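Trainee: Could you walk me through this one while I have it open on the screen? I would like to start with a single residue and work outwards from there.

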Amino acid sequence: MVTLGKAELILTNGKFHTVDRSNPFAEAVAIREGKFVAVGSLAEVMEYHCDGTKVIDLKGHTAVPGLNDSHLHLIRGGLNYNLELRWEASLRLPMRCVC
């Protein structure tokens, strides 16, 4: 097998929507430094497998790339800030003093 480069993470046996009209679905992806280095069939993606690569079997589940849509509706946010913020999770985080 020819190694094309190390992938830190390979996700297999999943449903990946590529948003590419010529190839709309893939069964595996390889990721290095937070970026996709291979998207396609299991055979294509496994060319990026090396010692130390973490392989996760998604067992047919759909994977969605991270989507961070952080925004605020000013009036609603101002009126309901304490109601919408989930404080219990933040209480488990270590508190840091910024001086």
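Mentor: Let us begin with Thr12, which counts as buried because its relative accessible area is 9%, under the 20% cut-off for that class. Keep in mind throughout that this is a predicted model.

Trainee: Which strand is Thr12 found in, and what is its bridge partner in β6?

Mentor: Thr12 belongs to strand β1, and across in β6 its bridge partner is Asp57.

Trainee: And what is Thr12 in contact with, leaving aside its neighbours within four places in sequence?

Mentor: With those neighbours left aside, the contacts of Thr12 include Glu27, Ala28, Leu42 and Met46, and also Val55, Ile56, Asp57, Leu58 and Lys59.

Trainee: In which sense do β1 and β6 pair, parallel or antiparallel?

Mentor: They run in the parallel sense, with four bridges between β1 and β6. With β4 (residues 28–32), by contrast, strand β1 (residues 9–12) pairs in the antiparallel sense, over three bridges. Two of the residue pairs you can look up there are Leu9 with Ile31 as its bridge partner in β4, and Ile10 with Ala30.

Trainee: So what is the order of the strands in the sheet?

Mentor: The order is β5-β4-β1-β6, which makes an open sheet of four strands with mixed pairing. Its edge strands, each pairing on one side only, are β5 (35–40) and β6 (54–57). On average, neighbouring strands of this sheet are turned by 15° against each other, direction ignored.

Trainee: Back to Ile10 for a second. What does Ile10 touch, not counting residues up to four places away in sequence?

Mentor: On that count, Ile10 touches Val29 and Ala30, then Val45, Met46, Tyr48 and His49, and finally Thr53, Lys54, Val55 and Ile56. Ile10 is also part of the largest nonpolar core, whose seven residues are Ala7, Ile10, Ala28, Ala30, Ala38, Val45 and Tyr48. There is a second, separate core of six residues, and among them are Leu11, Ala26, Val29 and Ile31.

Trainee: Changing topic, which residues line the largest pocket?

Mentor: The lining is made by Leu11, Phe16, His17, Thr18, Val19, Val29, Ile31, Phe36, Val39, Ala63, Val64 and Pro65, and the volume of this largest pocket is about 230 Å³. Two or more lining residues come from each of β2, β4 and β5.

Trainee: Val19 is on that list. Is Val19 buried or exposed?

Mentor: Val19 is exposed, because its relative accessible area is 81%, over the 50% cut-off. The position of Val19 is in the loop between β2 and β3 (25–26), and its backbone deserves a careful look, since phi is near 60°, a positive value in a residue other than glycine.

Trainee: Why does a positive phi catch your eye?

Mentor: Because most residues other than glycine have a negative phi. Asn13 is another case here, with a positive phi of about 55° although Asn13 is not a glycine.

Trainee: Where is Asn13, and how accessible is Asn13?

Mentor: Asn13 lies in the loop between β1 and β2 (15–17). Its relative accessibility is 41%, and Asn13 therefore counts as partly exposed, a class that falls between the 20% and 50% cut-offs.

Note on methods. Residues are numbered from 1 along each chain as its sequence is written. This is a predicted model: local features need pLDDT of at least 70, side-chain atom pairs count only at pLDDT 80 or more; totals for chains, interfaces and linings use all residues. Side-chain values use heavy atoms; hydrogens and water are left out. Two strands pair if DSSP finds at least two bridges between them. Axes are lines fitted to C-alpha atoms, for helices over the stretch in contact, and angles run from 0 to 180 degrees between N-to-C directions. A nonpolar core is a set of buried Ala, Val, Leu, Ile, Met, Phe, Trp, Tyr and Cys residues joined through side-chain atoms within 4.5 Å. Buried means under 20% relative accessible area, exposed over 50%, partly exposed in between (1.4 Å probe, protein chains only). Contact means heavy atoms within 4.5 Å. On a 1 Å grid over the protein atoms alone, a cavity is a set of points where a 1.4 Å probe fits but cannot get out, and a pocket is an open set with protein on both sides within 12 Å along at least five of seven lines; lining residues have an atom within 4 Å of a point. Grid points are joined across faces, edges and corners, and a volume is the space filled by probe spheres set on the points.
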